[in-house]
Amino acid sequence: MRTVADVGAGHGDLGYVDGRSWLHGTSGHHKIVAAFVLVLAVVAVPRGTWWPFAVAVGVLVAAAAAARLPARRVLRRMLVETPFVVFALALPIIADGPRVAVFGVPVSEPGLLAAGAMLAKATVGVLAGVVLASTTRPAELVRGLHRLRMPGPLVEIASFMLRYVSVVSDDLRRMRIARESRCFAGSGPRQARAVAASAGTLFVRSYERGERVHLAMLARGYAGTMPVTETRDTARAPLALTAGVLIVVAAAATAWWLR
């Protein structure tokens with residue numbers, strides 16, 4: 001009998017980077033808790049205080065180095081932060097308040113502080129997520145959520161998402177190949193209608209596949225919960241992981257004390 005997490009096994013490891021470091025060997029629920037506490041501590045840093053962010057980034061960079069994660073790969077995955085960067089650059093210009101010149105451009109001082117804090121917190125959060133995903137297999141992440149007693153439906157949704165994200169990606173790839181074989185080039189606003197139609201088709205296919213999978217599960221005795229086999233895990237969080245989180249928490253607490 002398999003656990004909920006095993007539903008996503010064998011269908012690609014998404015952002016996982018294979019390795020043998022102590023961080024790779026740490027249990028998934030320990031790393032989830034550590035990432036959550038670290039991000040929570042960073043979010044709690046008062047506005048106008050910057051050095052705790054540098055401490056958090058230093059801890060995460062040290063963790064990435066200990067796990068031997070390729071720097072180029074980490075930076076490429078952090079491109080997901082681009083919308084936050086764009087908004088942070090626009091915020092000082094559109095915000096109200098006293099103006100200050102930055103490179104000859106008058107910007108809002110409160111907006112500049114808010115943009116800096118938002119960008120710093122988003123950077124730490126994204127970097128923590130990248131390190132977590134790069135050192136933990138998707139199935140282990142789902143298993144960690146289950147061990148942390150997360151609501152069952154959320155864990156099942158996450159497990160099925162991991163299970164079928166590669167299937168949907170393959171559908172999208174085949175549709176793209178089919179379009180290109182018909183001399184279609186989806187670049188430019190004129191092709192927006194065709195691209196939108198492809199997206200709609202992909203949604204319908206995914207929805208129909210979900211119905212078929214649900215009917216197949218019901219035919220095999222599914223009653224609302226996945227079968228779970230409890231496994232004992234006596235591993236403890238490594239001292240380095242605990243120390244790194246405590247350093248960031250202490251930095252955030254010190255920032256509030258010195259405020």
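What pattern does the protein chain follow, read along the sequence? The pattern is α-α-α-α-α-β-β-α-α-α-α-α, which comes to 10 helices and 2 strands. The model is a predicted one. With the whole protein chain of 259 residues in view, buried residues make up 34%. Of the contacts between residues at least 6 apart in sequence, 79% join residues at least 24 apart.

**Stop 1: the hairpin.** Select residues 99–102, strand β1, and residues 105–108, strand β2. The two strands pair in the antiparallel sense over 4 bridges. Val100 has Val107 in β2 as its bridge partner. There are 2 residues between the strands, and Phe103 takes a positive phi near 55° in this hairpin.

**Stop 2: Lys31.** Go to helix α2, residues 28–43, and pick Lys31. Lys31 is buried but has no salt bridge. Glu140 is the nearest side chain of opposite charge, 7.1 Å away. The Lys31 side chain does make a polar contact of 2.9 Å with the side chain of Thr136. Show what surrounds Lys31: leaving out residues up to four places away in sequence, Lys31 touches Leu23, His24, Thr26, Leu132, Thr135, Thr136 and Leu241.

**Stop 3: Glu140.** What does Glu140 form a salt bridge with? The partner is Arg143, with the closest N and O atoms 2.7 Å apart. Glu140 and Arg143 are 3 residues apart in helix α7 (residues 138–147), so about one helical turn separates them. Glu140 counts as partly exposed at 23% relative accessibility, and Arg143 counts as partly exposed at 23%.

**Stop 4: Asp171.** A search of the whole structure finds 4 salt bridges; select Asp171 next. Asp171 forms a salt bridge with Arg174, the closest N and O atoms being 2.3 Å apart. This pair lies 3 residues apart in helix α8, about one helical turn. Asp171 is buried at 4% relative accessibility, while Arg174 is partly exposed with a relative accessible area of 43%. Asp171 also forms a salt bridge with Arg209, the closest N and O atoms being 2.9 Å apart. Because Asp171 lies in helix α8 and Arg209 in helix α9, the pair ties together parts that are 38 residues apart in sequence. Salt bridges with shared partners join Asp171, Arg174 and Arg209 into one network.

**Stop 5: helix α9.** Extend the selection to residues 192–219, the 28 residues of α9. From first C-alpha to last, α9 reaches 41 Å, close to the 40 Å expected at 1.5 Å a residue. Ser198, Leu202, Val213 and Met217 are buried in α9, and α8 (152–181) is included in what covers the buried residues. Finish at Gly221, just after α9, which takes a positive phi of about 95°.

Key
Residues numbered from 1 in each chain as written. Predicted model: local features only at pLDDT ≥ 70, side-chain atom pairs only at ≥ 80, totals over all residues. Heavy atoms only, no water. Buried < 20%, exposed > 50% of the residue type's maximum accessible area, 1.4 Å probe, protein only. Lys, Arg positive; Asp, Glu negative; His and termini not counted. Polar contact = N/O pair within 3.5 Å; in protein donor to acceptor, adjacent residues only side chain to side chain. Contact = heavy atoms within 4.5 Å. Pairing = 2+ DSSP bridges. Expected span 1.5 Å × (residues − 1).
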